[in-house]
Amino acid sequence: MEKITETTPKSSDAAILPSTAVAPPKARREPTPTTIHGHTLEDDYRWMRDKGSPEVLQYLEGENAYTAGIMKPTEELQAKLYAEMLSHIKETDESVPFRDRGWYYYTRTVEGSQYAIHCRRKAVGEDYDDAQPEQVILNVNELAEGQAFMSVGGMSVSPDGEKLAYSTDNTGFRQYTLHIRNLVTGSDYPDTAERVGSLVWAEDSRTLFYTTEDEVTKRQDKLFRHSLNESSGDDALVYEERDERFNLGVGKTRDGKYLMMEAGSHTTNECSYLAADTPGGVFLVIAPRLDEQEYYVDHRNGLFYIRVNDTGKNFRVVTVPVDGGGRESWREFLPEDKESPLEDFDVFGRFCVLSKREQGLTSLSVCLFNPDSTVQAPQKIHFPEPTYTAMGHINREFDTAKFRYSYQSLVSPASVYEYDIQSGASKLLKEQEIPGGFDRANYASERLWITASDGVRVPVSLVYRRDRFQKNGTNALYIYGYGSYGYPLPVGFSPARLCLLDRGLVLAYAHIRGGGDLGDTWHDAGKMMVKRNTFTDFIATTEALVAQGYGAKGRVAIEGGSAGGLLMGAVVNERPDLFRVVLSHVPFVDVMNTMLDASLPLTVAEYEEWGNPNEPEAFEYMRSYSPYDNLKAGDYPAMLVKTSLNDSQVMYWEPAKYVAKLRTLKKNDAPLLLHINMDAGHGGASGRYDYLKEIAFDYAFLLRELNAEK
């Protein structure tokens, strides 16, 4: 049983949380071994998987009580942090309206309300007119009344503007219910369906296509066609995807002419199309799926424009006439750039937009179409800062001379710009207002390249407050990492983060292998049988930042969530001496037991990310880094591990088992806390104020451990 004292670990001069009378619950040990490939996996806590068991719920509540007791001395600090964060948020605000089929749509928030309000105004003339009457199409605050959790999934307005299809989840398990609202009367139709995913209207505004998930594995595997005012029990099953690696999605081309169905795995996909004005027709495959080949489709003037990786990992663009044949009929439109991966390709009536990765940063270029559908030389949009995130914003209009994009950085608040394709000028439409005395001149950002243990250069983005930073190894250092699924780690602005910067912390974001920051090759270099590169990159980043004076040895905090929680567990097992405090959110730490259970959500599909442990070689490699299976007796950093009871992506029992096992092995007095949100899912609290309080809780733990409360 763990005892918390005021003793400071030898590796740090930081003050740990003070002693208290509370003690952690002691988890019952019930050995449940699994033998495979001649090796036995020991698991004393598999009984925690029984979500309906009173014993399990009592244990989780006991962990919450223990965490609350340990964190009680920080309540004043939590309240102070929350107030600071709130002071930097404009609570009553409105998004930039976007035009779509004769309406301008936007969301707004109201001070004191947890959720967004979705609204629209009639489009009169060329520009947005806020004198037009506002229509509230969906007030999420009303949906959330009486609910501990509320999330809106898909939203789709019918082409005639009179119906809204939307889906809601009130548990956090990402199990969505379909609703259809009459936007003329404001009431919902009786039409409904369960476990829905993507949804899109046909052009008749009476036919809705939607996908549903398998009840056990939560894989989107069926596409249905629904007619308004009919029972969902009568909905036609359009397609069923039987390959367990693949999920289904449905959407529409930007010009509104074709519905697109996509079946996709982590490495392969297949697209099918149907004319949007003939919803009773049959979806036709554009090109049959080929292993390790991905392609993405849009339409313009009788041609499909296809971004595809058939000649290399960086993607090229080809065209093919609608109904014009398979891959043998593809004609190259834009060749593959061997240096810069083509991350996205947007097609409009008069121009197209190329989104590339250049040295790990996004570049946006606009190409005007010639009358013969060839393109002119690209016009590149330039960004001024050393590290940033830029991407296309909401661009629903196909026939337009404007392109909207968003931009933000570690020191510049989120902004929306409108680019004029004729003048080449960008116009600022809105920058997020940051009240509370924020001055971006007080902060600086940098981008470094760190050499990993195998000589590969890894980009890192940093931000700090100028007057609180000295590059002499005295500042507390916070490092965030993810490094999985080919997901590029965004470097955006966070009002909540200011409370850390103002207390002198240097914040670093490690763009490690396994992510998509440098394209698919970067992802491939940190998955499957080279997954350990993700962890060694993070360790090398930490060591280099400390060595270069960006942070003090013994005052390093790290954070990651989900697959980033796997990262936290792996690097702590490898180098517990390197870190002072760890924030681990919904961590994927029980790699072996999860990936050996094909009945769990995500498992089979993720064989292409982690490997299939039913294969001996993959089993040995995955076991070599699985955090739960590699815990051992010794000293560990202070750790706050967080999960949610209704998490559908990483089940609550993974972090619960991990903490229970670690309590039996940890030798020092650094705090080990587990907090379970009993009313939420993978993303934590759904309300914006509740979520902010969760961040204040995390930061209070982190700052106290780093002795950086002031």
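Gly687 is buried, with a relative accessible area of 0%; buried means under 20% relative accessible area, exposed over 50%, and partly exposed in between, using a 1.4 Å probe and protein chains only. Gly687 sits in the loop between strand S38 (672-677) and helix H12 (688-706). Helices (H or I, at least four residues) and strands (E, at least two) are DSSP runs numbered from the N terminus. Beyond its neighbours within four places in sequence, Gly687 is in contact with Gln114 and Tyr115, where contact means heavy atoms within 4.5 Å.

This is a predicted model, in which local features need pLDDT of at least 70 and side-chain atom pairs count only at pLDDT 80 or more, while totals for chains, interfaces and linings use all residues. Residues are numbered from 1 along each chain as its sequence is written, and side-chain values use heavy atoms, with hydrogens and water left out. The mean pLDDT of the protein chain is 95, and 97% of its residues reach 70 or more; pLDDT is the predictor's confidence in each residue, from 0 to 100. Over residues 1-21, however, pLDDT stays under 50.

Back in strand S38 we meet Asn677, which counts as buried at 15% relative accessibility. Leaving out residues up to four places away in sequence, Asn677 touches Thr643, Ser644, Leu645, Gly684, Ala685 and Glu694.

Now for a sheet. Strands S23-S24-S25-S26 form, in that order, an open sheet of 4 strands with antiparallel pairing; two strands pair if DSSP finds at least two bridges between them. Strand S23 (342-347) and strand S26 (379-381) stand at the edges with a single partner strand each, so one side of each has no neighbour in the sheet. Strands S24 (351-358) and S25 (361-368) pair over 8 bridges, and Cys352 stands opposite Cys367 in S25.

Finally, the structure holds 52 salt bridges, each a side-chain nitrogen of Lys or Arg within 4 Å of a carboxyl oxygen of Asp or Glu. Here are some of them:

| Pair | Closest N to O |
|---|---|
| Asp43 and Arg46 | 3.4 Å |
| Arg289 and Glu241 | 2.8 Å |
| Asp524 and Lys313 | 2.9 Å |

Asp43 is buried at 0% relative accessibility, whereas Arg46 is partly exposed at 24%. Asp43 and Arg46 also belong to a salt-bridge network with Asp590 and Lys657. Glu241 is buried at 3% relative accessibility, and its partner Arg289 is partly exposed at 24%. Asp524, at 26%, is partly exposed, and Lys313 is partly exposed at 32%.
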